[in-house]
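User: I should like to learn how charged side chains are read in a structure. Please begin with the general idea and then turn to the case at hand.

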Amino acid sequence: MFLLVDDDLDILDFYCEYLQSRGALVLCARSAASALSMYKKYADEIRGVISDGEMPGENGIWLAERIREISGTHESPRLILFSGNESMLREPKAMRLFNQCIAKPEKPEVLWQLLSERDIG
């Protein structure tokens with residue numbers, strides 16, 4: 001199962017539908033706070049999280065910090081920062097928390113490949 005987080009409903013729907021078309025179970029959240037609630041509920045099942053960097057309220061880095069605190073490891077779940085903000089992608093904290101930092105927009109096939117690495121799909 002994957003968790004996809006973005007405050008832009010068009011982006012969220014597009015990537016969510018693509019991942020589901022590949023056979024993935026996907027939870028979709030429009031904020032970091034709602035994503036954290038979903039993660040807490042399904043932590044044992046979520047193997048990858050793709051999060052937007054900038055969202056109203058808490059951001060993707062805040063979410064990654066909470067998830068890493070809960071999981072206690074950097075390896076699982078796989079965290080991918082997906083942001084249009086180039087400076088956020090290069091931020092040391094983001095680079096430390098996330099397994100991958102990639103710029104928007106990106107082809108959905110690339111996200112699928114990143115999530116499928118290490119047989120987590």
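**Salt bridges and burial**

Analyst: Lys104 is partly exposed, with a relative accessible area of 22%. By definition, buried means under 20% relative accessible area, exposed over 50%, and partly exposed in between (1.4 Å probe, protein chains only). The model is predicted, so local features need pLDDT of at least 70 and side-chain atom pairs count only at pLDDT 80 or more, while totals for chains, interfaces and linings use all residues. Residues are numbered from 1 along each chain as its sequence is written, and side-chain values use heavy atoms, with hydrogens and water left out.

User: How many salt bridges does the structure hold, and which residue pairs with Lys104?

Analyst: A salt bridge is a side-chain nitrogen of Lys or Arg within 4 Å of a carboxyl oxygen of Asp or Glu. The structure holds 6 of them. Lys104 pairs with Asp6, their closest N and O atoms being 2.6 Å apart. This pair links distant parts of the chain, 98 residues apart: Asp6 lies in the loop between β1 (2-5) and α1 (9-21), and Lys104 in the loop between β5 (100-103) and α6 (108-116). Helices (H or I, at least four residues) and strands (E, at least two) are DSSP runs, numbered from the N terminus.

User: Is Asp6 buried or exposed?

Analyst: Asp6 is buried, at 2% relative accessible area.

User: Which residues meet Arg66 in salt bridges?

Analyst: Glu65 does so at 3.8 Å, N to O, and Glu69 at 3.5 Å. Arg66 and Glu69 are separated by about one helical turn because they stand 3 residues apart in helix α3 (residues 60-71). Salt bridges with shared partners join Glu65, Arg66, Glu69 and Lys93 into one network. Within that network, Glu65 is buried at 18%, whereas Glu69 is exposed at 56%.
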